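The following exercises concern charged side chains and a bound ligand. Each task is followed by a solution in steps.

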Amino acid sequence: MFILTRSELRAHRRAQRMIVELERSREALLRKAAELSRSNAELEQFAYIASHDLQEPLRMISSYCELIERRYGERLDDAGRRFLGFARDGAVRMRSLINDLLAYSRISGEVERRPCSSQEACRQAIDNLRVAIDDAGAAVTVDRLPEVIADPGQLMQIFQNLLGNALKYRGDRRPEIRVSGRRDGESVEFAVVDNGIGIGSEHFERIFGVFQRLHGENDFSGTGIGLAVCRKLVERSGGRIWVESQVGIGSTFRFTLPAAGGPITREGGLGEA
Ligand code: ADP
């Protein structure tokens with residue numbers, strides 16, 4: 001049998017108290033995490049129902065706008081026709097907002113994670129954007145990209161949104177876009193670099209929010225959901241996404257995903273888009 005000295009006994013009791021405290025904090029944390037995921041699920045459910053239910057009244061507005069135009073268009077003066085045009089444009093815009101909100105809230109449930117080729121995902125994204133790339137006369141370069149653990153369709157979507165933005169927010173110069181990926185320990189860090197209009201540092205965080213845009217619809221089309229979708233997809237796959245940019249110089253969107261395979265592999269060399 002051990003005989004403890006008084007100071008050892010005190011240390012022993014202190015340790016016991018700390019263990020009880022730690023156990024309590026762990027339980028509180030678990031409770032908070034459960035609450036958070038419940039309220040997140042409720043929020044997603046709300047966004048889904050709200051956007052779904054909004055579709056019907058919107059259809060009504062659109063069809064009555066059309067009816068007025070068809071039946072009474074001739075009798076309206078210029079101002080009347082212009083006002084009707086505004087109402088119709090508003091309805092079209094609202095439809096894209098609702099559709100995008102629906103698409104955003106549909107990203108839920110379990111993520112299918114498996115080793116997948118980021119090279120292939122990026123190639124598909126580029127194929128989907130071929131017309132926009134040609135229209136912009138853009139040069140798109142893709143380095144050799146390491147494999148990651150992700151859902152291939154979602155990875156393609158991330159590349160497509162980022163590349164689509166790099167094409168859309170181009171400046172006066174010919175767009176030059178480069179995609180690279182570097183293994184860093186357990187994860188891969190990707191970068192999509194453009195030489196477009198750039199973003200002020202005060203907006204670096206805001207642009208990843210739902211419907212957050214820095215431009216009016218007349219300057220650049222869009223609803224402001226693309227980067228929010230990227231953030232949701234990346235974070236659900238266990239990664240992070242952020243931007244570094246300088247106005248007038250260009251932007252670099254970076255995101256990480258868990259790396260596939262064993263130990264660190266060498267960095268990729270240059271490839272072709
Ligand atoms: P959208 O393009 O529909 O507005 P996003 O969520 O994709 O929505 O982007 C949000 C905002 O971030 C854009 O409105 C734009 O102001 C800014 N942005 C995104 N990508 C770029 C980029 N590559 N260069 C400059 N600005 C960008």
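**Exercise 1.** Is Glu235 buried, partly exposed or exposed, judged by its relative accessibility?

*Solution.* The model is a predicted one. The class "partly exposed" lies between the cut-offs of under 20% for buried and over 50% for exposed. Glu235 has a relative accessibility of 45%, so Glu235 counts as partly exposed.

**Exercise 2.** Determine the salt-bridge partner of Glu235 and describe how the pair is placed.

*Solution.* First, the partner is Arg231, with an N to O distance of 3.7 Å. This satisfies the criterion of a side-chain nitrogen within 4 Å of a carboxyl oxygen. Next, both residues belong to helix 6 (residues 226-236), where they are 4 residues apart and therefore separated by about one helical turn. Finally, consider the burial of the partner: Arg231 has a relative accessible area of 17%, so Arg231 is buried.

**Exercise 3.** Analyse the salt bridge between Glu23 and Arg26 in the same steps.

*Solution.* The side chains meet at 3.6 Å, N to O. Both residues lie in helix 1 (residues 6-72), at a separation of 3 residues, about one turn of the helix. Glu23 is partly exposed at 36% relative accessibility, and Arg26 is also partly exposed, at 47%.

**Exercise 4.** How far apart are the closest N and O atoms of Glu112 and Arg114, and what is the exposure of each residue?

*Solution.* The closest N and O atoms are 2.8 Å apart, and the pair forms a salt bridge. Glu112 has a relative accessible area of 44% and is partly exposed. For Arg114 the value is 39%, which again means partly exposed.

**Exercise 5.** Place these pairs within the whole structure, and name the residues linked in a salt-bridge network.

*Solution.* The search of the whole structure yields 17 salt bridges. A network of them links Arg182, Glu189, Glu244 and Arg254.

**Exercise 6.** Describe the surroundings of the ligand, from its pocket to its polar contacts.

*Solution.* Begin with the site: the ligand occupies the space of the largest pocket. Of the 21 residues around the ligand, Asn165, Tyr169, Asp194, Arg213 and Leu227 come nearest. Helix 5 (152-168), helix 6 and strand 7 (250-258) each supply at least two residues of the shell, and helix 5 gives the largest share, 3 residues.

Then examine the contacts. A side-chain N or O atom of Asp194 is 2.9 Å from a nitrogen atom of the ligand. Backbone N or O atoms of Leu214 and Leu227 lie 3.4 Å and 2.8 Å, respectively, from an oxygen atom of the ligand. The protein covers 97% of the 530 Å² of accessible area that the ligand has on its own.

Methods. Residues numbered from 1 in each chain as written. Predicted model: local features only at pLDDT ≥ 70, side-chain atom pairs only at ≥ 80, totals over all residues. Heavy atoms only, no water. Buried < 20%, exposed > 50% of the residue type's maximum accessible area, 1.4 Å probe, protein only. Near = heavy atom within 4 Å. Polar contact = N/O pair within 3.5 Å; in protein donor to acceptor, adjacent residues only side chain to side chain. Areas by Shrake-Rupley, 256 points an atom, 1.4 Å probe, with all protein chains shown as cover. 1 Å grid on protein atoms, 1.4 Å probe; cavity = no way out; pocket = protein on both sides within 12 Å on 5 of 7 lines; lining within 4 Å. Sits in = over half its atoms within 2 Å of the grid points.
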